[in-house]
Amino acid sequence: MSSADAVASMSTPPRSSGRGGVPLMLAPVGGFYLLFFVIPMCSLFVLSFWRAQGFDIVPTFTLDSYAKIASSPLYRIILLRTIGVGLVTAAITVPIAFALSYLMRFVFERRAQLILQLLLISLFSGYLVRIYAWRTILGKQGLLNSTFTWLGLIDAPIEFLIYSRFAVIVTLVGLLLPLAVLPIYSAMSNISRDHLEIASDLGSRRLYLVRTILIPMALPGVNTAFAFTFLLAAGDFVTPNLVGGSQGIMIGNVIADQFRGTGANWPLGAALAFVTVSCVMLIVWAINRVIRWVTRW
Amino acid sequence: MVTSGQRRHYGAGIFVLAVLLYLYAPVVVTVLFSFADSPRLSLPIQGLTLDWYASALANPLIVTALRNTLILAAISAVGGCLAGTAFAFGVLKLQGLRLRQALLTASLLPAVVPLLVIGIALAVFFRFLGSQPGLLNAAIGHILVSLPFVILSLNARLETFDFSVVEAARDLGAPPMRAFLDITLPLIRPSVVGAGLLAAALSLDEFIVTWFNVGTQLTAPVLVWGLMRRGVDPSINALATLFLMALLILIIASSQLGRRKSA
């Protein structure tokens, strides 16, 4: 114990008096979140029950916007498509993130920090730019098609590469993968290597280790990653806008148009946003229940 | 699970490299095609040119966009840093692991709500307040979306902070402000500056929340978005490359600063 520790532990009263400032330190962020996050979310919810009249918004209580969503087959199709794209994106992203986290934790331990740095750099390097670049890669005369043609592999450009759901999913996986690695890797970091070695010295078989240690410990991280990926994929509107084409339109495009488009209807956009987020959360909850049930063993 | 020998890891190594290639392909392609002299964006690249940079920088709107972007980045860096550092410290000083965890989780909430929803919610809120869309509204959005990341990175970096040093100073009679300025601040400065740079990078790159709140003002991403929607134009790649370089410098500087263990 260093002398500083000794002094600190002897003089407990002044130490606790030093904590008087804690509420004051938490206040700025707390107040900021309340004012600019919680209240705006509530405002959005309230707005979804109002009515748009031309450029004005009339404060009433009406379920018009929700009724419009429920009765429109177009919104239903786009919402289902959005959920489908979100689920496929999450179903591709999470296993890759899991494998990557596993390798970082147990195989390339010494390189793990470097790989993590590279993932973070890619996460923060140019959201718009990375989406747009996929247009250059996947486009009709883009990198892939022109390379295949040049190599003589194809005669005509492959059409579905761009302006399709395929393009949306390829782009979204690339955007969200680094974010999905973070919770899974952090959950796996809590698994001690000693546990695994002791268990395996005691004669546990690999599969048994995976089932009793790896999966239960990593599961919370996997669930978080799945929820993030699904929600953020379903809420993206820039990706479908730039690479999705007409068959890739997602609910995010429709919502964004209600706020900045020509036929803007803010209450309808707000209602669409809440319907979408609720659907996604409901599905995440249901999937979590199923996974918990499956992994009860 | 615990494998011995390096031979078996070839497959795993290739997998990791393939994933990194997938993540970095867009960046590489953007930089590569910003120098290609054919406007058709296809391989093989015939020759190299700097024309796209010239035409990108000749855009008269770029000066305004850059100025606004820098203003927003500065506001987010300073605002996010001050509030985020206070919060991260406050959380660390709290008794009780569960309360600490709960507060930390709550502080990350804006990062898991789609930016589209945050953007429109703020737009609605400002409309209710009667505040015209503009740079100030966008700045508030930028601080909001960067705070979770600032807090997360500060929390990781300050976890090792040794409070006993400060307490020793206090016990020896230093007033709180003096102890903070002479002991705490020099120790945490790299972490705080690192977090500020991260906030600046996030702000520089922020498009969605900006788009719904900035009104008719221009920022660099809003300008780039306008160009992208108009069609394929190689000068976008040039602009994007310059933009990427600025971001990379900020991000790498931020992570290097965090690495220099302060305490």
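This report walks through the two chains of a predicted model, the contact they share and a few of their helix crossings.

Some bookkeeping before the details. Residues are numbered from 1 along each chain as its sequence is written, while chains are lettered from A and ligands numbered from 1 in the order in which they are written. Since this is a predicted model, local features need pLDDT of at least 70 and side-chain atom pairs count only at pLDDT 80 or more, whereas totals for chains, interfaces and linings use all residues.

**The two chains**

Chain A has 14 helices and two strands. Helices (H or I, at least four residues) and strands (E, at least two) are DSSP runs, numbered from the N terminus. With a radius of gyration of 25 Å, well over the 19 Å that the globule rule gives for 297 residues, chain A is more spread out than a compact globule. That radius is taken over C-alpha atoms, and the globule rule is 2.2 Å times the number of residues to the power 0.38. The C-alpha trace of chain A spans about 70 × 60 × 40 Å along its principal axes.

Chain B holds 12 helices and zero strands. Its C-alpha trace spans about 70 × 65 × 30 Å along the principal axes.

**What the record adds for chain B**

An unreviewed UniProt entry places "domain: ABC transmembrane type-1" at residues 66-254 of chain B. UniProt, again from an unreviewed entry, also marks "transmembrane region" at several spans of chain B, including 135-158 and 239-257. UniProt positions are given in the numbering used here, feature names are shortened, and annotations may be inferred rather than shown by experiment. Here is how three annotated spans look in the model:

| Span of chain B | Helix | Strand | Distance between end C-alpha atoms |
|---|---|---|---|
| residues 66-254 | 84% | 0% | 21 Å |
| residues 135-158 | 100% | 0% | 32 Å |
| residues 239-257 | 100% | 0% | 27 Å |

**Helix 3 of chain B and its neighbours**

Take helix 3 (residues 62-93) of chain B and helix 7 (residues 135-158) of chain B: their axes come within 7 Å and cross at roughly 40°. That makes helix 3 of chain B oblique to helix 7 of chain B. Axes are lines fitted to C-alpha atoms, for helices over the stretch in contact, and angles run from 0 to 180 degrees between N-to-C directions. Angles under 35 degrees count as roughly parallel, over 145 as roughly antiparallel, 65 to 115 as roughly perpendicular and the rest as oblique. The residues of this helix 3–helix 7 contact in chain B split into 19 nonpolar, nine polar and no charged. (Ala, Val, Leu, Ile, Met, Phe, Trp, Tyr, Cys and Pro count as nonpolar, Asp, Glu, Lys and Arg as charged, and the others, Gly among them, as polar.)

Helix 3 of chain B also meets helix 9 (residues 176-205) of chain B, with axes that come within 8 Å and cross at roughly 140°. That makes helix 3 of chain B oblique to helix 9 of chain B. Among the residues in this contact are B:Gly80 and B:Gly84 from helix 3 of chain B, and B:Gly196 and B:Ala199 from helix 9 of chain B. By class, the helix 3–helix 9 contact in chain B has nine nonpolar, seven polar and no charged residues.

**Where the chains meet**

The contact between the chains takes 79 residues from chain A and 71 residues from chain B; two residues are in contact if their C-beta atoms, placed from the backbone, lie within 7 Å. Helix 3 (residues 22-47) of chain A gives the largest share of the side of chain A that touches chain B, 14 residues. That side of chain A divides into 55 nonpolar, 17 polar and seven charged residues.

One crossing between the chains pairs helix 9 (residues 165-189) of chain A with helix 1 (residues 10-34) of chain B: the axes come within 10 Å and cross at roughly 125°. A:Gly174, A:Leu177 and A:Pro178 make this contact with B:Tyr22, B:Leu23 and B:Pro26.
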